[in-house]
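Biologist: Let us go through this model together. I will ask what backs each label, and you set it against the definition.

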Amino acid sequence: MDPSAAAQITIQHSLEKHSETQVYVHPLLGENNLVTLEGKEWKMWRGIFNPGFASGHLMSLVGGMVSDTVCFTEILSEYAAGRNVFELEEAATRLTVDIIGNVVLDTPLKAQTSENALLKAFRDQLQWMPLSNDMNLFRRYNPMKWFVYRANTRIMNRYLDELLEQRFADRQQEEKANTKRSKPIIDLALDMYLKETGQTGASALPQQFKQSAIDQFKTFLFAGHDTTSSTACYIIHLLSKHPAVLEKVCKEHDEVYGSDTTKAAEAITDDPWSLNRLPYSMAILKEVLRLFPPVSSVRKGDPNVPIHFDGKEYPTDGFMVWPVSYAMHHRPELWPNAEEFIPERFLVKEGDPLFPPKGAWRPFEYGPRNCIGQELAYIELKIFMVLTLRDFDIRPAYEERDELDGKDRSRLTVKGDRAYQILIATAKPVLGYPAKVTKREG
């Protein structure tokens, strides 16, 4: 896939999402989700939720993200004391779920410290969704799955309905008391909705807004569950293989927050914008997302939108058009030493051979249908890096996992790497990235 070809179907002409996307995600996210909505309806709801995901507003919510990440580091300390193999992706997923609960609904879901009915139903729903390469016809077409889908959907919708009603009641009390505080994303979205529909001052939560908010929350949960958590795993994985890069990024954190790591959480909370003073950390994030992009966008061909490439015209009508970010990110014609982990690609100036070609880096896509939560992902992951990398050594433990399972999977590699991606809704590290962690000394 070429960047110019991808731009033709995502920027110059933003093709609709393919109908197969609806078939796949509707049982999980509902019909009103931002991933599959189109036209005026998509534009309205995207506009309603955009303000809450603006970088400036997200910075006002950093304190909650820091608190959730501190909880994560306490859990890592417990794993370090026990010296046990654990699934890093599971731990990171629970962290992202807690963060989403706080920033979207101002609600502590406590997924890291207890079982959560919403998360349980959500993950059960994922388990019943067919894998793209699943050749087991019974599993793919099992009629029981539709009963499971409905049951899990009822659980999730009821749970979120109660949270939204509680948030609306709390919001009204805060307005009466003239409480000044940072608003969660859902409050800004409701403000926009009430303004656009002429319902300012409504005494009850509008039903249309509630149903859309339920589906959007599941969408945000899906994004954090499946993308931010897997990226956190690959940050750890690549830094464990490149100690010089790890040392350099830890030095950057020392320079910005001081060498006393116990004060880092408070320092970030007091000055959230300090996260923008971490260029090397950001370069690492971008290089990790280049090598291990978690998602890409599947579009529906259009009779009026051919693709022009290399002097030829290719029709798209009747085709599923897929700008595959993984393939583009690994093309040696676009990326010198494409298989190597080189964060400096994203620090060099234009004209340098390593400088990224325009439009070639697209883990969040480009155009109007780009990822609404990319700024949130950046903030989450930078906090994750600052609060974990200097205190913990985390390494992959695939061999230990094989011993525990009594299986020899040593031959199962991609490009010689045990931590290859598999597709479970989105691209995840195989086996949930089994890991072991120790506390760093000094």
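Biologist: What makes alanine 435 the bridge partner of phenylalanine 86 part of a strand pairing?
Modeller: Two strands pair if DSSP finds at least two bridges between them. Strand S1 (residues 86-87) and strand S9 (residues 434-439) have 2 bridges, in the antiparallel sense. So they count as paired. Strands here are DSSP runs of E, at least two residues, and helices are runs of H or I, at least four, numbered from the N terminus.

Biologist: Which residue of S6 has alanine 435 as its bridge partner?
Modeller: Proline 396. Strand S6 (residues 392-396) and S9 pair in the antiparallel sense over 5 bridges.

Biologist: How reliable must a residue be to count?
Modeller: This is a predicted model, so local features need pLDDT of at least 70 and side-chain atom pairs 80 or more, while totals for chains, interfaces and linings use all residues. Residues are numbered from 1 along each chain as its sequence is written, and side-chain values use heavy atoms, without hydrogens or water.

Biologist: Why is H3 called roughly perpendicular to H11?
Modeller: The axes of H3 (residues 39-49) and H11 (residues 207-241) cross at roughly 75° and come within 12 Å. Roughly perpendicular covers 65 to 115 degrees, so the label holds.

Biologist: Which residues of H3 meet H11?
Modeller: Met44, Trp45 and Phe49, by contact (heavy atoms within 4.5 Å). Their partners in H11 include Phe209 and Phe220.

Biologist: What is isoleucine 284 in contact with, beyond four places in sequence?
Modeller: Leu239, Val245, Val249, Phe341, Pro343 and Met385.

Terms used: Axes fitted to C-alpha atoms, helices over the stretch in contact; angles between N-to-C directions. Parallel < 35°, antiparallel > 145°, perpendicular 65-115°, else oblique.
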